[in-house]
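Visitor: I should like to take a close look at a single part of this protein and at what surrounds that part. Please choose one helix and describe it in detail.

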Amino acid sequence: MSIDEIVHTCSNENVARAAVASIGVSFASRVRSAADLLGVSTGLFAARAVRTFAAAAPIDEQREVVRAMFRADQPILRGLEAILERELDDVSSLDGREWRPLKPAMSSDAARDFCCP
């Protein structure tokens, strides 16, 4: 197994979201919290993290992910988890401007009108 297989599989936002969910509720909640901080979906956060890791991670970090995948029951999920753990550890240093928001923020007045007729 290689990182290329993770990229091929998890570069799609919907597939990445499902993969994160299948790793477990606790992990998925952590990923969702990080994604929320950046104003993106869980799937977009995971897909972009995978692509960025594949393109820019130092070779020693890539080797650590490949080692984590070795002999794992579900190597792609284990590799995805290892990649995302790195992002979650550094989430406070992420620049939200680099992430495209899903939709514009709703003003508090509009939200109140929408929720409470």
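Guide: In this predicted model, a useful place to begin is the pair formed by helix α2, residues 13–23, and helix α3, residues 25–38, whose axes lie 5 Å apart and make an angle of about 135 degrees. Angles from 65 to 115 degrees count as roughly perpendicular and those over 145 as roughly antiparallel, so α2 is oblique to α3. On the side of α2, the contact is made by V20, A21 and I23, and on the side of α3 by F27, A28 and V31. By class, this contact has six nonpolar residues, with no polar and no charged ones.

The helix chosen for the close look is α6, which has also α2 and α3 among its packing partners. Helix α6 covers residues 75–89, 15 residues in total. From its first C-alpha to its last, α6 reaches 21 Å, close to the 21 Å expected at 1.5 Å a residue.

Which residues of α6 are buried? They are P75, L77, G79, L80, A82, I83, L84, E87 and L88. In an α-helix there are 3.6 residues a turn, so residues three or four places apart point the same way. The buried residues of α6 pack against α1 (3–10), α2, α3, α4 (42–56) and α5 (59–69).

Two of these neighbours can be described in more detail, beginning with α4. The axes of α4 and α6 are 10 Å apart, and the angle between them is about 95 degrees. That angle makes α4 roughly perpendicular to α6. From α4, the residues F45, A46, A49, V50 and F53 meet L80, I83, L84, R86, E87 and L88 of α6. Sorted by class, the contact of α4 with α6 has nine nonpolar residues, no polar residues and two charged residues.

The second neighbour is α2. The axes of α2 and α6 come within 10 Å and cross at roughly 95 degrees; these two helices are therefore roughly perpendicular to each other. Here A19, V20, S22 and I23 of α2 meet L77, L80, E81 and L84 of α6. The contact of α2 with α6 has six nonpolar, one polar and one charged residues. L80 and L84 of α6 appear both in the contact with α4 and in the contact with α2, while V20 and I23 of α2 take part in the contact with α3 as well as in that with α6.

Helix α3 offers a further point of reference for α6. A34 lies in α3 and is buried, with a relative accessible area of 3%. The C-alpha atoms of A34 and E87 are separated by 8.7 Å, although the two residues are 53 apart along the chain.

Ahead of α6, the loop between α5 and α6 contains R71. Most residues other than glycine have a negative phi. R71, however, has a positive phi of about 65 degrees although it is not a glycine. R71 is exposed, with a relative accessible area of 73%.

Finally, α6 may be placed within the whole chain. The secondary structure consists of seven helices and zero strands, in the order α-α-α-α-α-α-α along the sequence. Of the 117 residues, 32% count as buried. Among contacts in the chain with a separation of 6 or more, 72% are between residues 24 or more positions apart. The chain exposes about 7400 Å², of which carbon and sulfur atoms supply 52%.

Definitions and conventions. Residues are numbered from 1 along each chain as its sequence is written. This is a predicted model: local features need pLDDT of at least 70, side-chain atom pairs count only at pLDDT 80 or more; totals for chains, interfaces and linings use all residues. Side-chain values use heavy atoms; hydrogens and water are left out. Axes are lines fitted to C-alpha atoms, for helices over the stretch in contact, and angles run from 0 to 180 degrees between N-to-C directions. Helices (H or I, at least four residues) and strands (E, at least two) are DSSP runs, numbered from the N terminus. Angles under 35 degrees count as roughly parallel, over 145 as roughly antiparallel, 65 to 115 as roughly perpendicular and the rest as oblique. Contact means heavy atoms within 4.5 Å. Ala, Val, Leu, Ile, Met, Phe, Trp, Tyr, Cys and Pro count as nonpolar, Asp, Glu, Lys and Arg as charged, and the others, Gly among them, as polar. The expected span of a helix is 1.5 Å times one less than its number of residues. Buried means under 20% relative accessible area, exposed over 50%, partly exposed in between (1.4 Å probe, protein chains only). Accessible areas come from the Shrake-Rupley method with a 1.4 Å probe; for residues, only the protein chains shown count as cover.
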